[in-house]
Amino acid sequence: MQGRPAPDFAALLSAQQDPQAKFILYFFSPRCSMCQQISTTLESLQSEQDNVLFIDVGQQPEMAKKFRVMGTPTLIRVEKGLIKQVMMGAKDEDTVRGFVTH
């Protein structure tokens, strides 16, 4: 997936957000114990910057399918319309912060 054009996710953006900017797409499930481990970190980062988008795969399965998400948690960094990096599974706080702020 890395290096490929990102599927359209404009429906997730507010009118003020530029789809060509850098975004972190966080695919999660509320019942996923690994997701719960990193959700707190991502919620904190989301309050600091507006580029972290939470996508509940149960409520938006079509978006997960577009991005070929096979499990949760999955983080996808999209920059200038391209998938730059994918991170799957629970990671420690420093790794998650580094992925988001890189």
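Here are three short exercises on this structure, each with a worked solution.

This is a predicted model, in which local features need pLDDT of at least 70, side-chain atom pairs count only at pLDDT 80 or more, and totals for chains, interfaces and linings use all residues. Residues are numbered from 1 along each chain as its sequence is written, and side-chain values use heavy atoms, leaving out hydrogens and water.

**Exercise 1.** Find which elements each supply at least two residues of the largest nonpolar core.

*Solution.* Start with the term: a nonpolar core is a set of buried Ala, Val, Leu, Ile, Met, Phe, Trp, Tyr and Cys residues joined through side-chain atoms within 4.5 Å. Buried means under 20% relative accessible area, exposed over 50%, partly exposed in between (1.4 Å probe, protein chains only). The largest core has 15 residues, with Phe9 and Val78 among those with the most contacts inside it. Next, look at β1 (23-28), β2 (52-56), α2 (61-66) and β3 (74-79), which each supply at least two. Helices (H or I, at least four residues) and strands (E, at least two) are DSSP runs, numbered from the N terminus. Finally, β1 gives the most, with three residues.

**Exercise 2.** Decide whether Ala6 is buried or exposed, and list its contacts.

*Solution.* First, locate Ala6 in the segment before β1. Its relative accessible area is 17%, so Ala6 is buried. Then, leaving aside neighbours within four places in sequence, Ala6 is in contact (heavy atoms within 4.5 Å) with Phe67, Val78, Gly81, Leu82 and Ile83.

**Exercise 3.** Classify Cys35 by its accessibility.

*Solution.* Take the relative accessibility of Cys35, 1%; Cys35 therefore counts as buried.
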